[in-house]
Amino acid sequence: MNIPASSPKVVLVTGAGGGVGHATALLMAQAGYAVVLVGRTKSTLDAVASDIAQQHPHAITLVHVADVTQSSQVDGLVATTINTFGRIDALANCAGSAPLQAIDAMTDDIIDAALSVNLKSVLYLTRAVWPAFKKQKTGAICNVSSMASVDPFTGFNVYAAAKAGVNVFTKATADEGGQFNIIAAAVAPGAVETPMLRQHFSQDLISTDQTLPPLAVATVIRDVLTRTRPVEPGQTIFLPSP
């Protein structure tokens, strides 16, 4: 990884190993950002870095394996990013998990895991980048929420609750960050064509023409983070499925 003397803007993308995170990483590299690819599986992140290099030969990527549900690992991720690049400009919280079960089947482990990856990780990462954003007097955050936060499919109970929390926290983030030129928004898609969706729903139940491509969601994330899409402070942008 060769870092120019004048470092480009830097974005952290969580859940970068697939789906919306992968698509977001590609678009942010295309936009000229150095991209820190964050996920739990190095081989998957390496494949995304290779994909970026093939499409954008001059792009700068940094693979960082981390479990974003662990605050100590999140703090280490942000520290490594700042030590490497001297800055951090944007955060795309794309990591997510969607357990599907009846309310009386929610175990403590299911509840804890769903809240950790969908909500607590957003809190941890926002807290970790906040001092750098305040010092720079600029920063941009886009959190991936879901249409389930306002209209949950039966069985997406704890997932929907976590994503509703993301919406509210995004508004709180924008309100508190305004004085430091920190913007925050959330994007809340309906069904997106990802492996996570296909864990629960076959083509017979939800066909491909009823889903959004990851690129559609990633495009909104890119436009928020690069400030090319005007948004209300803390706005949740809903993207219904076709």
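## A strand residue in the interior

Val 10 is part of strand β1, which covers residues 10–14. In this predicted model, the relative accessibility of Val 10 is 0%, and because anything under 20% counts as buried, Val 10 belongs to the buried residues. If residues up to four places away in sequence are set aside, Val 10 touches Tyr 33, Ala 34, Val 36, Thr 81, Phe 85, Arg 87, Ile 88, Asp 89 and Ala 90. A pair that can be compared with these is Val 10 and Thr 69, which stand 59 residues apart along the chain and have their C-alpha atoms separated by 22 Å.

One of the residues that Val 10 touches, Tyr 33, lies in the loop between α1 (19–30) and β2 (34–39). Is Tyr 33 buried or exposed? With a relative accessibility of 9%, Tyr 33 counts as buried, although its place is in a loop. Leaving aside neighbours within four places in sequence, Tyr 33 is in contact with Lys 9, Val 10, Val 11, Met 28, Ile 60, Ala 90, Leu 225 and Thr 226. Ala 90 appears among the contacts of Tyr 33, and Ala 90 is also among the residues that Val 10 touches. The C-alpha atom of Tyr 33 is separated by 7.6 Å from that of Ala 59, a residue 26 places away along the chain.

## The overall fold

The protein as a whole contains seven helices and seven strands. In what order do the elements of the protein run from the N terminus on? The order is β-α-β-α-β-α-β-α-β-α-β-α-α-β, with two helices in succession before the final strand. The radius of gyration is 17 Å, close to the 18 Å that the globule rule gives for 242 residues, so the protein is as compact as a globular protein of that length. Along its principal axes, the C-alpha trace spans about 55 × 40 × 35 Å.

Buried residues make up 50% of the 242 residues, and Val 10 and Tyr 33 are two examples of buried residues. Among the contacts between residues at least 6 apart in sequence, 73% join residues that are at least 24 apart.

## Surface and charge

The accessible surface of the protein comes to about 10900 Å², and 55% of this area belongs to carbon and sulfur atoms. The protein carries 15 positive and 17 negative side chains, and the centres of these two sets lie 12 Å apart.

One of the exposed residues is Asp 209, which has a relative accessible area of 59% and is found in the loop between α6 (195–198) and α7. The C-alpha atoms of Asp 209 and Pro 189, which are 20 residues apart along the chain, are separated by 15 Å.

## Aromatic rings

A pair of aromatic rings is described by the distance of the centres and the angle of the planes. The count for this protein comes to two aromatic pairs. In the pair of Phe 153 and Phe 156, the ring centres are 6.2 Å apart and the planes meet at 55°, so this pair is tilted. The pair of Phe 156 and Tyr 159 has its ring centres 5.5 Å apart and its planes at 55°, so it is tilted as well.

Phe 156 takes part in both of these pairs, and Phe 153, Phe 156 and Tyr 159 form one aromatic cluster. How exposed are the members of this cluster? Phe 153 is partly exposed, with a relative accessible area of 49%, whereas both Phe 156 and Tyr 159 are buried. For Phe 156, the relative accessible area is 11%.

## Two loop residues with positive phi

Most residues other than glycine have a negative phi. Asn 181 has a phi near 60°, a positive value in a residue other than glycine, and its place is in the loop between α5 (157–177) and β6 (182–189). With a relative accessible area of 37%, Asn 181 is partly exposed.

Arg 227 is another non-glycine residue with a positive phi, again near 60°. Where is Arg 227 placed? Arg 227 is in the loop between α7 (214–225) and β7 (236–239), and at 36% relative accessibility Arg 227 counts as partly exposed.

Conventions:
Residues numbered from 1 in each chain as written. Predicted model: local features only at pLDDT ≥ 70, side-chain atom pairs only at ≥ 80, totals over all residues. Heavy atoms only, no water. Helix = DSSP H or I, 4+ residues; strand = E, 2+ residues; numbered from the N terminus. Rg over C-alpha atoms; globule rule 2.2 N^0.38 Å. Buried < 20%, exposed > 50% of the residue type's maximum accessible area, 1.4 Å probe, protein only. Contact = heavy atoms within 4.5 Å. Areas by Shrake-Rupley, 256 points an atom, 1.4 Å probe, with all protein chains shown as cover. Lys, Arg positive; Asp, Glu negative; His and termini not counted. Charge placed at Lys NZ, Arg CZ, Asp CG, Glu CD. Phe/Tyr/Trp six-rings, centres within 6.5 Å; stacked < 30°, edge-to-face > 60°.
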